[in-house]
Amino acid sequence: MFNLFKKPVRCEVLSPVDGISVPLEEVPDPVFAQKMMGEGIGFRYAGEWVYSPMNATVLLVAETRHAVGLKGANGAEVLLHIGMDTVELQGQGLEVFVKPGQKVKAGDPLVRIDRAFMEQKQIDLTTMIVVTNSREYRVEIMPTGQVKTGDLVLCADR
């Protein structure tokens, strides 16, 4: 009847990498920088592993392995997009460890990147996390800067 005493359901999104978080507006892809895909954050990092940023169900794995969609318990849908122009590699240099329908916990490995291959192809691996249904949520972005895997980087409250 009334939701006066109902606590908001919170979705905490953690850093999927060790590196530097950057405002979404600073990523070199206009679709993400202009927030056409939703509110979010970017990452610059040197590692080879990308971990799940939340407890979730895997919604999708792009055929080209460059993106993984996740759905949190509160319904927040999060897209993790690895690199610029990685779709053109048709999956080369990316090894995915999850499949649609699979339950994952924050910190579970999602994707391994062949960093040497990416450097040879001169691929910018700036990675974005966006809440694709962010219009339905209050998205709070944490201050950007140095992050470790598992640090809180954004929240999506309903």
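Three exercises with worked solutions follow, all on a predicted model.

**Exercise 1.** State which strands stand at the edges of the open sheet, and why one side of each is left without a neighbour.

*Solution.*
1. Write down the strand order: the sheet has eight strands, arranged β9-β5-β6-β7-β11-β3-β2-β13, with antiparallel pairing.
2. Read off the edges: these are β9 (103-104) and β13 (145-147).
3. Count partners: β9 and β13 each have a single partner strand, so one side of each lacks a neighbour in the sheet.

**Exercise 2.** Follow the pairing from β5 through β6 and β7 to β11, and find which residues stand opposite each other.

*Solution.*
1. Start with β5 (residues 56-61), which runs antiparallel to β6 (residues 67-71) and is joined to β6 by four bridges. Here Thr 57 faces Lys 71 of β6 across the pairing, standing opposite it.
2. Go on to β7: five bridges link β6 and β7, again in the antiparallel sense. Leu 70 stands opposite Val 78 of β7.
3. Inspect the connection: β6 and β7 make a hairpin with five residues between them, and Gly 75 in the turn has a positive phi of about 95°.
4. Finish with β11 (residues 127-131), which pairs with β7 over five antiparallel bridges. Leu 80 is opposite Ile 129 in β11.
5. Check the cover on β7 (residues 77-82): five of its six residues are buried.

**Exercise 3.** Locate Met 37 and classify it as buried, partly exposed or exposed.

*Solution.*
1. Met 37 sits in the loop between α1 (30-33) and β3 (39-45).
2. Its relative accessible area is 32%. Buried requires under 20% and exposed over 50%, so a value in between counts as partly exposed. Met 37 is therefore partly exposed.
3. Together with Val 31 and Met 36, Met 37 forms a nonpolar surface patch with about 250 Å² of accessible area.

Technical notes
Residues are numbered from 1 along each chain as its sequence is written. This is a predicted model: local features need pLDDT of at least 70, side-chain atom pairs count only at pLDDT 80 or more; totals for chains, interfaces and linings use all residues. Side-chain values use heavy atoms; hydrogens and water are left out. Patches are made of residues with over 30% relative accessible area and no salt bridge: like charges are joined within 9 Å, nonpolar side chains (Val, Leu, Ile, Met, Phe, Trp, Tyr) within 5 Å. Accessible areas come from the Shrake-Rupley method with a 1.4 Å probe; for residues, only the protein chains shown count as cover. A salt bridge is a side-chain nitrogen of Lys or Arg within 4 Å of a carboxyl oxygen of Asp or Glu. Helices (H or I, at least four residues) and strands (E, at least two) are DSSP runs, numbered from the N terminus. Buried means under 20% relative accessible area, exposed over 50%, partly exposed in between (1.4 Å probe, protein chains only). Two strands pair if DSSP finds at least two bridges between them.
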